[in-house]
Amino acid sequence: MCDACRTLHADLAAGNLGKPGSPRRLKAEAKPVSFRPLAAQPYDDRCLSWQHDARTVSIWTTGGRLKGVAFTGSDQQLALLAAHRRGESDLVCRDGMWFLHATIEVPDVPAAAPKGFLGVDLGIANIATTSDGVRRSGEGLNAVRHRHRALRRRLQVKATKSAKRLLKRRRRKEARFAADTNHVIAKQIVTEAERTGRGIALEDLQGIRERVRLRKPQRVTLHGWSFRQLGGFIDYKAARAGVAVIHVDPSYTSQQCSQCGHVDRRNRPGQATFSCTSCGFAEHADVNAARNIASRGETGWAVSHAA
C-alpha cells in the first residue's frame, strides 16, 4: 500500500498524470488506491524466510504465518537462488497456480577484448542472421502467430461461454512460444561468439516502430516483432558469459555493399536478394546486412576504446 501511494504521488509530482486541474489528473487524485483480489504481493525478508535445504518457505498471510510451504525449481535455479538472491520476492497467482518470483543478482563476467565481431541482423522473415551466414528463419514463429491471430478472431466473433473459456485458457501461449524461440536463438549466438572469442554487434532499433511506415496488413506483423526481447536476451546472456556487445546505427545496412561500401536502394531488388550495382557482389540480403553490422561494430568498438 505504501509503495502504491508513493508511486501515485511521484507520478503526480512529475506531471505524468497531466497538468494540475486537468480531467485526467483530477480523476487520478479522486480515485482511491485499490488492488485486485489476486494481485501480486511483495514480501521482504521480514515477512518471508527461505529454508533452502528443505526447499520450503515460511510466509506471513492474513490468517497468520504459514510454515513449511514447499517450493520447487530446476537444479540450476535452486543453486542460483541460494547463492545470489537479493531484495523482495513476489507471490503471484497465474491461471490457478502460485509462483514465487525471487530476484537474483549474478555478477557479470568481465568482458575480454574481442577478436572481431559477430554481426547480427534482426528481422521478421529471418529472426536473426549472423555475419557467418547462419540464418534463423522466422517462418515457424510467424506461422504460429498467424494461426493464433486467426483463432482469436474466430473465438471473439463467436463470443460464447465456451469460446471465452478457450480464449482465457490460450492467453499468453503465443508469448511463451516466442520467448522460448528467442531464448534458444540468443543462446546459440552468444555460445558461438564466446567459442570464437568475438564480440556481438547488434542494430540499435530503438523507435523503429514509429519511424517505419507500412501498409495496414503489415502493421500487425511489425508490432508483433519481438526484436527488443531478443536483443535483451542476447545482452544479459553475453554479460554472464563475458562477451562484449555493442549496438550500432542500423541506417542503410541493408542497402550497403559489404565488399565495396557502395550504398544504393537498387542494391536490394528483393527481400532476400542483394546485388551491388557498383562491384557486382551478390549475397543473401540479410547476410550482407549482418556483415555491415559486424564491420560497424569493430569501428565503434575501436573508437569507444581508443583511449
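**Group meeting: a walk through the predicted model**

Let me begin with the surface: the protein exposes about 19500 Å², and carbon and sulfur atoms supply 53% of that area. Please keep in mind throughout that what we have in front of us is a predicted model, and that the values I quote are computed from it.

On overall dimensions, the radius of gyration of the protein is 24 Å, whereas a compact globule of 307 residues would have one near 19 Å. Taken along the principal axes, the box filled by the C-alpha atoms is roughly 75 × 50 × 45 Å. Of the 307 residues, 32% count as buried, and if we take the contacts between residues at least 6 apart in sequence, 53% of them join residues at least 24 apart. The secondary structure comes to 10 helices and 13 strands, and I will pick out two sheets and then turn to the interior.

The first sheet I want to show is an open one of three strands, in the order β1-β5-β6, with antiparallel pairing. Its edge strands are β1, residues 41-43, and β6, residues 97-104, each of which pairs on one side only. Neighbouring strands here are turned by 20° against each other on average, with direction ignored. Strand β5, which covers residues 85-94, pairs with β6 in the antiparallel sense over seven bridges, and if you look at R94 you will find it standing opposite M97 in β6. Lying across β5 and β6 is helix α3, residues 75-84, which runs at about 135° to β5.

The second sheet is also open and built of three strands, here in the order β2-β3-β4, again with antiparallel pairing. At its edges stand β2, residues 48-51, and β4, residues 64-70, and because each has a single partner strand, one side of each is left without a neighbour in the sheet. The twist in this sheet averages 15° from one strand to the next. Strand β3, residues 56-61, is joined to the antiparallel β4 by five bridges, and the bridge partner of I59 in β4 is L66.

Now to the interior. Which residues have the most contacts inside the largest nonpolar core? That core has 21 residues, and the ones with the most contacts inside it are V120, L122, A128, I189, I200, L230 and I234. At least two residues each are supplied by β7 (117-122), β8 (126-130), α6, β10 (199-203) and α9 (227-241), and the largest share, six residues, comes from α6. Apart from this core lies another, of eight residues, among them Y43, W50, F71 and L78.

To see the larger core from one of its residues, take V120: leaving aside its neighbours within four places in sequence, V120 is in contact with A128, T129, I189, I200, A201, L202, E203 and I293.

I will finish with a polar residue, N182, which lies in helix α6, residues 173-196. Is N182 buried or exposed in this model? Its relative accessible area is 1%, and since buried means under 20%, N182 counts as buried. Setting aside neighbours within four places in sequence, N182 is in contact with I127, S226, Q229, L230 and F233, and of these L230 is also listed among the residues with the most contacts inside the largest core.

Methods:
Residues numbered from 1 in each chain as written. Predicted model: local features only at pLDDT ≥ 70, side-chain atom pairs only at ≥ 80, totals over all residues. Heavy atoms only, no water. Helix = DSSP H or I, 4+ residues; strand = E, 2+ residues; numbered from the N terminus. Buried < 20%, exposed > 50% of the residue type's maximum accessible area, 1.4 Å probe, protein only. Contact = heavy atoms within 4.5 Å. Pairing = 2+ DSSP bridges. Axes fitted to C-alpha atoms, helices over the stretch in contact; angles between N-to-C directions. Rg over C-alpha atoms; globule rule 2.2 N^0.38 Å. Areas by Shrake-Rupley, 256 points an atom, 1.4 Å probe, with all protein chains shown as cover. Core = buried A, V, L, I, M, F, W, Y, C linked by side-chain atoms within 4.5 Å.
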